[in-house]
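User: Please take a close look at one part of this structure. Start with a single residue, follow its neighbours outward, and then set that part against the rest of the protein.

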Amino acid sequence: MTSTTKLDFKMADDAIYMIPLGGCGFFGANMTLYGHQDKWIMIDCGMGFADESMPGVDILLPDPAFATALGEKLLGIVFTHGHEDHIGAIEHLWPRIKAPLYATPFTAGRIRQDLDETQWGNEAKLHEVPVQGTINLGPFNIQFVSMAHSIPEASALSITVKNVGTLLHTGDWKIDKDPVLGDLTDEKTLREIGDRGVLAVIGDSTNAMVPGHSGSEREVLKNLTELFSEFPEGQIAISCFSTNVARLVSIYEAARKNNRHVCLIGRSLRSVDDVARNAGYLKGMPPFLSEDDADMVESRNIVYVCTGSQGEPRAALSRISNDDHPAVRVGEGDVVIFSSRAIPGNERAIDRIKNRFLSMGVNVVTDREAPIHVSGHPYREELKQLYSWLRPRIAIPVHGEQMQMEKHAVLAKDCGAEQAIIPANGMVIELFSDGARPVGEVKAGVLAIEGKRIVAVDHEAILTRRRIMHNGSAVVTIVMDDSGALIAPPKVTAMGLLDENSELDAGYIKDVVKEISDKIRNMPKAERMDDAILSEQTRITARRFFNDRFDRKPQTRVHLIRV
């Protein structure tokens, strides 16, 4: 991937340029730029989640270097909805980008919560856009179109540039004709946009491989109600995506019908509840119980909604499974329900939590045993319906891994699209009124939250931890006199390889110390007096020993002391 943060060509006056900086080839970290006549807008600024290959890293961010270099040419950041993979990076990246923010009220509330956690939050200009509203940013006319999803106020964005055409950026969406919460997908408006002519659809590919229809949240409510009734005595703990407000409503209604109260366990759930109520949602629902109040309720009358559906080690569900939560204890006769799907890469972490619960005698129910989850993203029949309404000339699949985007492209062409382009992050796509083509690439990549700093995912600290995770680490300390002779035997500490308190490993320690000592003594004096040569030869000798004996190549460091 190129490192350039500038276009290496002149933008055509009669074209729109699209550049995805995140969200293509992997799930999460959604960020897309659209440009015309050297003016730009950004759609979404989301975060992703690291897997076990990045020890010590939880959050990933799209690299905004190209967007940052645009400066005042970037007119604003427009958000499709309030899920973390679409808004979660803004609290980390806004100081670099410094563009105005535009979002509907609920999404703005979610963003405002994140900004309030920062020292600079009041510097960001956050503009609320009415649901189904329209804004104009330079040459871009942007119409918000309501779409059904698992969170309130999800919007597709109809982006029109005069004398070029209209792009429909779908965001996350589905077709749910009987949603528990939120708007229907606005078929009427989408048909009208299609009738006016759509140059390109930039669309959600999450479930492009899945046949049929994603199903309705109303069915989940019905099924949860029945499932709760099957466990009349014990406590119920249920986990879902914390931003799935519709699922919170379903859980509340299912609990109410089974004479149970609901308590939210986890900060992110309580934060989403606050935003939803402030935005006018959850009307008629009493406040959820606090943890203290829930402690006074009989087991048969309580439902705990917990964060941690993806196996996050510090989230509530994981802590409960480790019997480490200050407010919730579960045991034999209780039930834990996973009302969500596993994001690819999280399966092992989720399974570990399930197994811990099962070992405690807790019943575990997932969407494999009962229909208690529906996706917020369109299946193939819904994608076909959207294309029949919009009839675009061009399809550009996004929001998915390569296999989902490939399937989406084939489906779009089967639905009548003349052209389909599968983008990669950093690809520059030029869209004219009669077609599109890739014309270049700019810097794109993934950043990681490393402690309190932001670094590239190939930062040496992350790579070193990964190597240590698989191969251990060794530290060799050698003390030399001014003649180049060892003053004492080398000291070897091998973390993740040897146990200094083990009689068996004591022999290995003795052997590696001997090999290092022999190597040093047999080196010419000139090399023993050269710090760089001596350190490197010691490192190689120690590493070769562990590779020969344990088939491991540890991260090896040498501390050389001369006295």
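Analyst: Two residues are in contact here when they have heavy atoms within 4.5 Å of each other. The model is predicted.

Start at Q555. This residue lies in strand β29, which covers residues 555-562. Is Q555 buried or exposed? Its relative accessibility is 12%. The cut-off for buried is under 20%, so Q555 counts as buried.

What does Q555 touch, once neighbours within four places in sequence are set aside? Its contacts are E460, T464, R467, I468, G472, S473 and A474. With R467 there is also a polar contact, side chain to side chain, at 2.7 Å. A542 sits 13 residues from Q555 along the chain, and their C-alpha atoms are separated by 10 Å.

Those contacts lead to helix α14, residues 460-471. Helix α14 has twelve residues, so at 1.5 Å a residue it should span 16 Å. Its end C-alpha atoms are 16 Å apart, in agreement. G472 comes just after α14 and takes a positive phi of about 75°. G472 is also one of the residues that Q555 touches.

Next comes β27, residues 473-480. S473 and A474 are among the contacts of Q555. β27 is also one of the elements against which the buried residues of helix α15 pack. The others are β28 (491-495), α16 (525-528) and α17 (531-550).

Helix α15 deserves its own look. It runs over residues 503-521, 19 residues in total. From first C-alpha to last it reaches 27 Å, close to the 27 Å expected at 1.5 Å a residue. Which of its residues are buried? They are D505, I509, V512, V513, I516, S517 and I520. Seen down the axis of α15, the buried residues fall within an arc of 135°, so they line one face of the helix. On the other side, E503, L504, K510, K514 and R521 are exposed.

S502 caps the N-terminal end of α15. A side-chain oxygen of S502 lies 3.2 Å from the backbone nitrogen of L504.

I509 belongs to α15. At 18% relative accessibility, I509 counts as buried. Leaving out residues up to four places away in sequence, I509 touches L498 and E500. K39 gives a far reference point: 470 residues from I509 in sequence, and 64 Å away, C-alpha to C-alpha.

Now set this part against the rest. The protein has 563 residues, and 55% of them are buried. Its secondary structure comes to 17 helices and 29 strands. The C-alpha trace spans about 85 × 70 × 45 Å along its principal axes. Among contacts with a separation of 6 or more, 71% join residues 24 or more positions apart.

D63 shows such long separations from another place in the chain. D63 sits in the loop between β6 (59-62) and α1 (65-70). At 9% relative accessibility, D63 is buried. Its side chain reaches the backbone nitrogen of A65 at 3.0 Å. Beyond residues up to four places away, D63 touches L21, K443, A444, G445, V446 and L447.

A hairpin offers a more local picture. Strand β10 covers residues 134-137, and its side chains alternate. I135 and L137 point to one face and are buried. T134 and N136 point to the other face and are not buried. Such alternation between the two faces of the sheet is what a regular strand shows. β10 runs antiparallel to β11, residues 140-146, and four bridges join the two strands. F140 is the bridge partner of L137 in β11. Two residues lie between the strands of this hairpin, where G138 takes a positive phi near 55°.

Last, the cysteines. How many disulfides does the whole structure contain? A search finds zero. The sulfur of C240 is 9.3 Å from the closest cysteine sulfur, that of C306, which is too far for a bond. C306 is in no disulfide either, and its nearest cysteine sulfur, in C263, is 8.3 Å away. C240 is buried at a relative accessible area of 2%, and C306 is buried at 0%.

Key. Residues are numbered from 1 along each chain as its sequence is written. This is a predicted model: local features need pLDDT of at least 70, side-chain atom pairs count only at pLDDT 80 or more; totals for chains, interfaces and linings use all residues. Side-chain values use heavy atoms; hydrogens and water are left out. Buried means under 20% relative accessible area, exposed over 50%, partly exposed in between (1.4 Å probe, protein chains only). Two strands pair if DSSP finds at least two bridges between them. The expected span of a helix is 1.5 Å times one less than its number of residues. The arc is that of the directions from the helix axis to the C-beta atoms. A polar contact is a pair of N or O atoms within 3.5 Å; within protein, one must be able to donate a hydrogen and the other to accept it, and residues adjacent in sequence count only if both atoms are side-chain atoms. A disulfide is a pair of cysteine sulfur atoms within 2.5 Å.
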